[in-house]
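Open the model in your viewer and keep the selection box handy. We will start with the whole chain and then work inwards, stop by stop.

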Amino acid sequence: MSTEVFDRVKQLIEEIRSAKPSNKEELEAFRLRFLGTKNVIKPLMGEIRLIANELKKDYGQLVNEAKEVAETVFQSVKELVEQAEAEAAVQHLDLTAPGEPMPLGSRHPITLTMNRIVDIFSRIGFTVAEEREIEDDWHNFTAMNTPEDHPARDMQDTYYLKDSTEMLLRTHTSSVQARVMTHQKPPIRIIAPGRVYRNETISARSHCQFHQVEGLYIDEGVSFADLKQTLLYFAKEMYGADTRIRLRPSFFPFTEPSAEMDVSCFLCGGSGCRICKQTGWVEILGCGMVDPAVLENCGIDSSRYTGFAFGMGIERQAMLLHQINDIRLFFENDVRFLNQFKSAF
Ligand code: PHE
């Protein structure tokens with residue numbers, strides 16, 4: 001009886017050794033038969049109970065050998081099959097096949113809008129000035145004629161650096177005006193795009209970080225008419241040739257006189273719609289003639305030079321242009337949102 005069982009195992013080992021699976025399917029059949037959960041070697045181990053005690057050890061070893069041989073054959077054939085597959089793939093390489101398109105990323109809508117604004121002003125001689133986001137109180141407020149007790153300085157609105165009353169995250173790109181004017185002599189004609197920070201509750205309409213573009217033009221004889229003409233040119237380039245502008249008196253500490261500029265609604269043309277809240281106009285920026293006190297603070301002779309400045313929120317322009325109703329979308333970076341701006345401009 002014992003020898004019969006021994007012989008069966010030996011026969012099986014022979015079978016395993018001579019099996020020559022030559023492709024994926026045969027290899028899988030081999031694996032199922034000899035190595036799978038219901039393999040044929042397992043039950044042989046159970047038959048050890050039929051073996052005489054003194055032969056049990058030999059029998060166990062023989063069954064293990066069957067397992068090992070199966071494993072070795074499987075591994076070596078697997079390698080061969082994989083190699084053959086790889087070679088076949090190379091041989092079937094069709095060099096004339098058209099290339100597969102590579103998924104391309106896209107620029108962020110804020111970058112696109114910023115580039116567009118910068119491009120419009122570059123065409124009339126403005127050059128880009130970029131400055132730090134961590135500013136000191138002087139450049140952000142004092143130089144910009146914003147007095148100590150101005151509400152904008154309040155801890156509620158401004159992020160000061162930890163334990164500092166001096167260093168802060170700039171609350172507007174107007175700080176770049178002070179940076180440039182203290183280092184450059186007129187004529188100055190710059191456009192300053194960048195990120196700004198305000199301690200505001202995050203909602204669909206406002207965020208604690210956003211982007212602005214600042215414009216500054218200082219020279220002899222710069223007038224309000226120049227400001228108006230420059231902004232009219234911008235409005236037409238940005239929102240369409242038919243765009244009209246209107247300036248409403250306003251207040252900023254660093255400009256005098258100050259104004260807010262509206263453009264005729266580019267969606268309804270002025271007849272009234274959801275975007276312009278039925279008024280026909282949408283507010284897009286703040287502007288004014290640089291206050292002589294600001295020029296003097298920065299070492300520019302206000303009896304010789306005059307200038308204008310303007311500042312606008314980039315998110316706001318992008319939201320208007322693309323009818324986006326939630327500013328938070330710009331910061332979430334959901335690709336389903338971002339992908340829509342692939343060919344915006
Ligand atoms: N700094 C102003 C703001 O953040 C915008 C502005 C810039 C107004 C330049 C006038 C001149 O609201």
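One term first, as it comes up at a later stop: an angle between two axes here runs from 0 to 180 degrees between N-to-C directions, each axis being a line fitted to C-alpha atoms. Please also keep in mind that this is a predicted model.

**Stop 1: the whole chain**

Show everything as a cartoon. You should find 12 helices and nine strands in the protein. Its C-alpha atoms fill a box of roughly 120 × 55 × 40 Å along the principal axes. The radius of gyration is 38 Å, whereas a compact globule of 345 residues would come out near 20 Å. Switch on the surface if you like: the accessible area is about 19,300 Å², and carbon and sulfur atoms account for 52% of that. Of the 345 residues, 42% are buried.

**Stop 2: two domains**

Now colour 2–91 and 109–341 separately; these are domain 1 and domain 2. How far apart do the C-alpha centres of domain 1 and domain 2 lie? The distance between those centres is 77 Å.

**Stop 3: Val69**

Select residues 56–91, which form helix α4, and pick out Val69 within that helix. Is Val69 buried or exposed? Val69 has a relative accessible area of 11%, and because buried means under 20%, Val69 counts as buried. Show the side chains of Ile13, Ile16 and Arg17 next: Val69 is in contact with these residues, leaving aside its neighbours within four places in sequence. For a distance to try in the viewer, go from Val69 to Gly36: the two are 33 residues apart in sequence and 14 Å apart in space, C-alpha to C-alpha.

**Stop 4: the open sheet**

Move on to the strands. Seven of them form an open sheet with mixed pairing, in the order β1-β4-β5-β9-β8-β7-β6. Select 127–128 for β1 and 245–252 for β6: these strands stand at the edges with a single partner strand each, so one side of each has no neighbour in the sheet.

**Stop 5: β8 and β9**

Zoom in on residues 281–290 (β8) and 306–313 (β9), which pair in the antiparallel sense over four bridges. Which residue of β9 stands opposite Gly286? Look for Gly311.

**Stop 6: the helix across the sheet**

Finally, add residues 224–239, helix α8. This helix lies across β6, β7 (255–264), β8 and β9. Relative to β8, helix α8 runs at about 150°.

Methods. Residues are numbered from 1 along each chain as its sequence is written. This is a predicted model: local features need pLDDT of at least 70, side-chain atom pairs count only at pLDDT 80 or more; totals for chains, interfaces and linings use all residues. Side-chain values use heavy atoms; hydrogens and water are left out. Two strands pair if DSSP finds at least two bridges between them. Helices (H or I, at least four residues) and strands (E, at least two) are DSSP runs, numbered from the N terminus. Contact means heavy atoms within 4.5 Å. The radius of gyration is taken over C-alpha atoms; the globule rule is 2.2 Å times the number of residues to the power 0.38. Buried means under 20% relative accessible area, exposed over 50%, partly exposed in between (1.4 Å probe, protein chains only). Accessible areas come from the Shrake-Rupley method with a 1.4 Å probe; for residues, only the protein chains shown count as cover. Domain bounds come from an automatic or database domain assignment.
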